[in-house]
Amino acid sequence: TRSSSMPFLTVSNWQISWTLLLVLGYLFYLLLGAMVFQLLEKQAETHSRDQFQLEKLKFLQNYTCLDRRALEHFVQVLMKAWEKGVNPEGNSTNPSNWDFSNSFFFAGTVVTTIGYGNRSPSTVAGQVFCVFYALFGVPLNLAFLNQLGKGLNAHLITLERWVQKPGRAQVQLAVFLTTGTLLFLVFPPLVFSYVEGWSYGEGFYFTFITLSTIGFGDYVVGTNPNKHYIPLYRSLTAIWIVFGLAWLALVFNVGADLMEKFLQLKWHKPDLSLAGVATTKLEDEPEQPRIHIPI
């Protein structure tokens with residue numbers, strides 16, 4: 001009885017160790033990110049805050065008819081306008097934030113859960129509708145992305161089964177990844193740089209933050225009041241986002257599978273032979289493809 005329970009205890013102990021290692025590694029990664037972001041951004045934030053206070057003092061010195069209280073009130077008005085999606089720049093002739101093109105783009109950010117945060121419904125009716133629209137739209141979007149990803153999955157699974165053909169799978173996989181990278185990560189920043197006036201680095205940053213659904217909202221297309229955008233610009237951007245989401249989700253999943261396998265091979269290798277577990281059958285059976293869209 002004691003010897004028969006040894007394999008279970010050994011595997012169970014390794015599973016606990018692997019889980020603990022993964023939790024500790026995850027927390028360490030978060031702490032590392034926090035320290036690096038603090039190191040890179042805190043000083044710049046302090047400089048921007050001091051610069052803003054200095055500009056307010058200069059403004060009060062130039063316009064003595066205003067006092068600090070009136071200026072602070074005006075700043076609050078500007079902040080509320082920005083929170084409601086109204087750009088303080090320009091005038092009342094600026095294009096509407098809720099024309100059909102912008103509304104279509106907003107609907108896309110809702111169902112894809114990107115949520116830039118630069119625009120949101122301000123009426124109670126609009127907020128209630130947004131809740132129910134997302135309630136049904138998010139599952140619909142996930143179903144659509146899963147269906148869209150089936151073609152990509154089938155392509156990659158076929159490549160996995162062609163491993164016995166030297167060189168062919170590697171070339172096909174390289175073409176697949178290269179084509180997707182060009183269509184969704186390399187070429188779009190060129191368009192955004194030209195239309196929005198961003199640098200290529202800013203365009204690339206917006207592209208990745210959008211397709212990964214992080215969606216900070218610091219860069220959003222079609223929001224500059226000093227530029228004239230074609231009506232379909234943001235609608236086409238929304239369509240690009242949908243297809244880019246499916247592709248990048250698949251890439252993330254492949255990366256997660258590779259990382260999991262690497263970590264398990266490196267840290268999760270119990271001596272099954274000592275535990276009396278036969279490994280011959282597992283080695284003889286080919287591994288099934290594990291590619292899917294993580295939703």
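Let me start with one residue: Leu183 has a relative accessibility of 48%, so it counts as partly exposed. Leu183 sits in helix α5. Please keep in mind as we go that what you see above is a predicted model.

Why begin there? Leu183 belongs to a nonpolar patch on the surface, which covers about 990 Å². Its other members are Leu182, Phe187, Leu190, Tyr200, Phe204, Tyr205, Phe208, Ile214, Phe216 and Phe252. Which elements give two or more residues to that patch? They are α5, residues 168-196, and α6.

Let me step back to the whole chain for a moment. There are 295 residues, and 26% of them count as buried. The secondary structure comes to 8 helices and 0 strands, so if you walk from the N terminus you read α-α-α-α-α-α-α-α, by the definition of helices and strands used here. The accessible surface is about 20600 Å², and carbon and sulfur atoms hold 67% of that. As for contacts, take those between residues at least 6 apart in sequence: 64% of them join residues at least 24 apart.

Now back to α6, which runs over residues 200-211. Helix α6 has 12 residues, and from its first C-alpha to its last it reaches 16 Å, close to the 16 Å expected at 1.5 Å a residue. Which residues of α6 are buried? Those are Gly203, Phe206, Thr207, Ile209, Thr210 and Leu211. You may have noticed that Phe204, Tyr205 and Phe208 were on the patch list a minute ago.

Gly201 is also in α6. With a relative accessible area of 48%, Gly201 is partly exposed. From Gly201 to Leu190 there are 11 residues in sequence, and the C-alpha to C-alpha distance is 9.6 Å. Leu190, you will recall, is one of the patch residues.

What comes after α6? There we find Thr213, with a positive phi, near 60 degrees. Thr213 is a residue other than glycine, and that positive phi is why I mention it, though I have no more to say on it than the value. Thr213 is placed in the loop between α6 and α7, the latter being residues 233-267. Is Thr213 buried or partly exposed? At 29% relative accessibility, Thr213 counts as partly exposed.

A second threonine joins it on this list. Thr113 has a phi near 60 degrees, again a positive value in a residue other than glycine. Thr113 is in the loop between α3, residues 100-111, and α4. Its relative accessible area is 47%, so Thr113 is partly exposed.

That loop leads us to α4, residues 124-161, where Asn141 is found. Asn141 is buried, because its relative accessible area is 9% and the cut-off for buried is under 20%. What does Asn141 touch, leaving out residues up to four places away in sequence? The answer is Val111 and Thr112. Asn141 can also be paired with Gly108: they are 33 residues apart in sequence, yet their C-alpha atoms are 9.2 Å apart in space.

Next, salt bridges. How many does a search of the whole structure find? It finds 1. The partners are Arg49 and Glu45, whose side chains meet at 3.2 Å, N to O. Arg49 and Glu45 are 4 residues apart in helix α1, residues 2-62, so about one helical turn separates them. Arg49 is partly exposed, with a relative accessible area of 44%. Glu45 counts as partly exposed too, at 44% relative accessibility.

Last, a look at the record. An unreviewed UniProt entry places the feature "transmembrane region" at residues 16-40, 124-145, 171-191, 203-221 and 233-256. I picked out two of these spans in the model. Residues 124-145 are 100% helix and 0% strand, and their end C-alpha atoms lie 30 Å apart. In residues 203-221, helix makes up 47% and strand 0%, and the end C-alpha atoms lie 10 Å apart. When you turn the model to that second span, look for Thr213 in the loop between α6 and α7.

That is my tour, and thank you for listening!

Notes:
Residues are numbered from 1 along each chain as its sequence is written. This is a predicted model: local features need pLDDT of at least 70, side-chain atom pairs count only at pLDDT 80 or more; totals for chains, interfaces and linings use all residues. Side-chain values use heavy atoms; hydrogens and water are left out. The expected span of a helix is 1.5 Å times one less than its number of residues. Buried means under 20% relative accessible area, exposed over 50%, partly exposed in between (1.4 Å probe, protein chains only). Patches are made of residues with over 30% relative accessible area and no salt bridge: like charges are joined within 9 Å, nonpolar side chains (Val, Leu, Ile, Met, Phe, Trp, Tyr) within 5 Å. Accessible areas come from the Shrake-Rupley method with a 1.4 Å probe; for residues, only the protein chains shown count as cover. A salt bridge is a side-chain nitrogen of Lys or Arg within 4 Å of a carboxyl oxygen of Asp or Glu. UniProt positions are given in the numbering used here, feature names are shortened, and annotations may be inferred rather than shown by experiment. Contact means heavy atoms within 4.5 Å.
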